[in-house]
Amino acid sequence: MTEPQRKERTVSVTVVCICSAAHLRRCLTALREQVEVPRFDLIVAYDPHIPGIEAAAAEFPEARMVCNEGQRTPLELASRAVRESTGDLILLTEDHCEPARRWVRTMIDAQSKDRAAVGGRVEIVPGASATDWAFYFVDFFRYAGPLPEGPSPALTVCNVSYDRERLAEVRKLWEMFFMEPVVNDALRARYGELWLAADSEVKMSRHASLRDALYERYAFGRLFGYTRNGFCSRGRRISYAVLAPTLPLLLLGRMARAASRSPELTRSFLRAIGPLVLMVISWTWGEWLGYLTGRLPRTLVVAPEIRQAHRHDAGREDA
């Protein structure tokens, strides 16, 4: 007798919308054009302050839109998106990312019982400025191709897939803020290694002014330090605070090693080195204050897109 065919697991795809309605349209269009995939639930958790969301949502009735007044940060919105998901597998990305055509299929196929979570590459759209490249490196240098298939020390919430039942086991860690290093470390300790699927790709597009980017890095560095305080001993917290001033050299060294994977990445890294140093210092200052004060920053908002993006999207709404 032949064994019965195993039923394919259900899938929820979640998009955290933090940038603009134009970004959301690109992301949802890419998800609508996925190939070789089963039907999947699509959930968008969005910042309620973003203009034009209602019109964008009307173009994509397959997406379920959710938000809470007062919840604007990616960490809060990702938490809400995961709570709303019902699929056996939960895929996460953000609105400024455009998934490749086989992204969903690749993430489904890469799942395995001995993998705590599965992630993939994040590339950058063509035509990026030096500030765009700096913004890219501070978040995604670990995930820039070329990358080999295999175990990974970290995964990004912009390109990741989780088993819903396993996430439920560590719910207390992400119920308020979905900070992926904390969640991923807990899952790895319970279920096995994090896995990077080399064929899983999204393309990132963010265009912020240097001033706004610096404040975002400071604010989220401080949020990271504040949140980390809640998951470590007093002694560990003190050691983090003492060692925080060494972070710029450590992080820039890691970014330089990642950039050395290809001549193109090396050139882009060197081109972005000025704003990149400033962003790394801003993050370090924020993280150190988070450890030292145990307080959140005054405001936690994502750096707004440069005005051209808003004008372009407003033009679409008026057309």
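Student: What share of the area exposed by the chain do carbon and sulfur atoms supply?

Tutor: The model is a predicted one. In this model the chain exposes about 15200 Å². Of that area, the share supplied by carbon and sulfur atoms is 54%.

Student: Why does a radius of gyration of 19 Å agree with a compact globule?

Tutor: The chain has 319 residues, and a compact globule of that length would have a radius of gyration near 20 Å. The C-alpha atoms fill a box of roughly 65 × 50 × 45 Å along the principal axes. The radius of the chain agrees with the globule because the expected value is near 20 Å and the chain has 19 Å.

Student: What percentage of the residues in the chain is buried?

Tutor: A residue counts as buried when its relative accessible area is under 20%. Applied to the 319 residues of the chain, this gives a buried share of 56%.

Student: Which helix gives the largest share of the largest nonpolar core?

Tutor: The largest nonpolar core holds 61 residues, and Tyr136 and Phe137 are among those that touch the most other members. The largest share of this core is seven residues, and they come from residues 130-140, helix H5.

Student: How many residues does the second, separate core have?

Tutor: Apart from the largest core there is a second, separate one. Its members include Cys19, Val160, Phe177 and Val182. In total, this second core has 44 residues.

Student: How far apart are the mean positions of the positive and negative charges?

Tutor: The chain carries 43 positive and 39 negative charges. The distance between their mean positions is 6 Å.

How values were computed:
Residues are numbered from 1 along each chain as its sequence is written. This is a predicted model: local features need pLDDT of at least 70, side-chain atom pairs count only at pLDDT 80 or more; totals for chains, interfaces and linings use all residues. Side-chain values use heavy atoms; hydrogens and water are left out. The radius of gyration is taken over C-alpha atoms; the globule rule is 2.2 Å times the number of residues to the power 0.38. Buried means under 20% relative accessible area, exposed over 50%, partly exposed in between (1.4 Å probe, protein chains only). Accessible areas come from the Shrake-Rupley method with a 1.4 Å probe; for residues, only the protein chains shown count as cover. Lys and Arg count as positive and Asp and Glu as negative; His and the chain ends are not counted. The place of a charge is taken as NZ of Lys, CZ of Arg, CG of Asp or CD of Glu. A nonpolar core is a set of buried Ala, Val, Leu, Ile, Met, Phe, Trp, Tyr and Cys residues joined through side-chain atoms within 4.5 Å. Helices (H or I, at least four residues) and strands (E, at least two) are DSSP runs, numbered from the N terminus.
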